[in-house]
Amino acid sequence: MIRFFAAPIAAIALLSATMGGALAEEFDSRDIMGGGPNFFRGGSSPIPRTTVMYNGNYAPGTIVVNTSERRLYLVLQNGQALRYGIGVGRDGFRWGGVHRITAKKEWPDWTPPSQMLARRPDLPRHMKGGIENPLGARAMYLGSTLYRIHGSNEPETIGQAVSSGCFRMTNDDVSDLYGRVSVGTTVVVLNN
């Protein structure tokens, strides 16, 4: 039995030594079982989540999206808010208004809307939820719009204007926000 495990352990040790420890730094066995630092493959956000002072005139629990700042704020008590980095719509796809979260989904399926398919006929017609899905780990649907606050497995797009109108967050950040809000939460989108 010991011989059965000895060869794989020796191979991992050899690889780790020859790569200068790089394999050991990037590999975490919890990623396979779930819960490790790379589990969501969304990487860390280039714009860290932080608690800030917030002077807006919004009730605690309100989400405020500021498209020009490329930030999303979850208003807290005592003049504070949680601030997240987001990706926003590219030129011609930014919008503003007030909506409510009408649905929340974990690892949502993605069906591109007809408007998007008209622009990009190469897109799949439907994609099951999962790590490769462009909606990422969580999605919060905004009223009767085509738009969502959703995760992304492309953390380099956070802080950029690259979407078709949705608001992207890292999978870690969208999971955090998802756990803090409920269906019915007001979402104010400022597009100045």
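## Close-ups of the sheet, the rings and the pocket

**View 1. S6 and strand S11 (residues 186-190) run antiparallel and are joined by four bridges.** One of the matched positions is His-99, whose bridge partner in S11 is Val-187. What you're looking at is a predicted model, in which local features need pLDDT of at least 70 and side-chain atom pairs count only at pLDDT 80 or more, while totals for chains, interfaces and linings use all residues. Residues are numbered from 1 along each chain as its sequence is written, and side-chain values use heavy atoms, with hydrogens and water left out. Strands (E, at least two residues) and helices (H or I, at least four) are DSSP runs, numbered from the N terminus.

**View 2. S2 joins S11 through four bridges as well, but this time the two run parallel.** Look for Val-65, which has Val-189 as its bridge partner in S11. Zoom out and there's an open sheet of nine strands with mixed pairing, in the order S1-S4-S3-S2-S11-S6-S7-S8-S10. Its edge strands, S1 and strand S10 (167-168), each pair on one side only; pairing takes at least two DSSP bridges between two strands.

**View 3. Five bridges hold S6 and S7 together in the antiparallel sense.** Lys-104 is one residue to pick out here, with Met-140 as its bridge partner in S7.

**View 4. Tyr-54 and Tyr-73 belong to one of three aromatic pairs in the structure.** Their rings sit 4.9 Å centre to centre with 35° between the planes, so the pair is tilted (a pair has ring centres within 6.5 Å; planes under 30 degrees apart are stacked, over 60 edge-to-face, the rest tilted, and Trp uses its six-membered ring). Tyr-54 is in the loop between strand S1 (50-53) and strand S2 (63-66), and Tyr-73 is in strand S3 (residues 71-75), 19 residues apart. Both tyrosines are buried, which here is under 20% relative accessible area, with exposed over 50% and partly exposed in between (1.4 Å probe, protein chains only).

**View 5. Trp-95 and Tyr-147 are stacked, because their ring centres are 4.9 Å apart and their planes meet at 15°.** Trp-95 comes from the loop between strand S5 (88-89) and strand S6 (97-106), and Tyr-147 from the loop between strand S7 (138-142) and S8, so the pair ties together parts 52 residues apart in sequence. Trp-95 is buried at 12% relative accessibility, whereas Tyr-147 is partly exposed at 22%. Add Phe-167 and you have a cluster of Trp-95, Tyr-147 and Phe-167 linked by ring pairs.

**View 6. Arg-90 puts its charged end over the ring of Phe-93, 4.5 Å from the ring centre.** Arg-138 does likewise over the ring of Tyr-178, at 5.6 Å from its centre. To count, NZ of Lys or CZ of Arg must be within 6 Å of the ring centre and within 35 degrees of the ring normal.

**View 7. The largest pocket has a volume of about 600 Å³.** Of its 26 lining residues, Trp-110, Met-116, Pro-134, Ser-164 and Arg-168 are the closest to the centre. Helix H4 (114-119), strand S8 (148-150) and strand S9 (161-163) are the elements giving two or more residues to the lining, and H4 has the largest share, with three. A pocket is an open set of points on a 1 Å grid where a 1.4 Å probe fits, with protein on both sides within 12 Å along at least five of seven lines; lining residues have an atom within 4 Å of a point. The volume is the space filled by probe spheres on those points.
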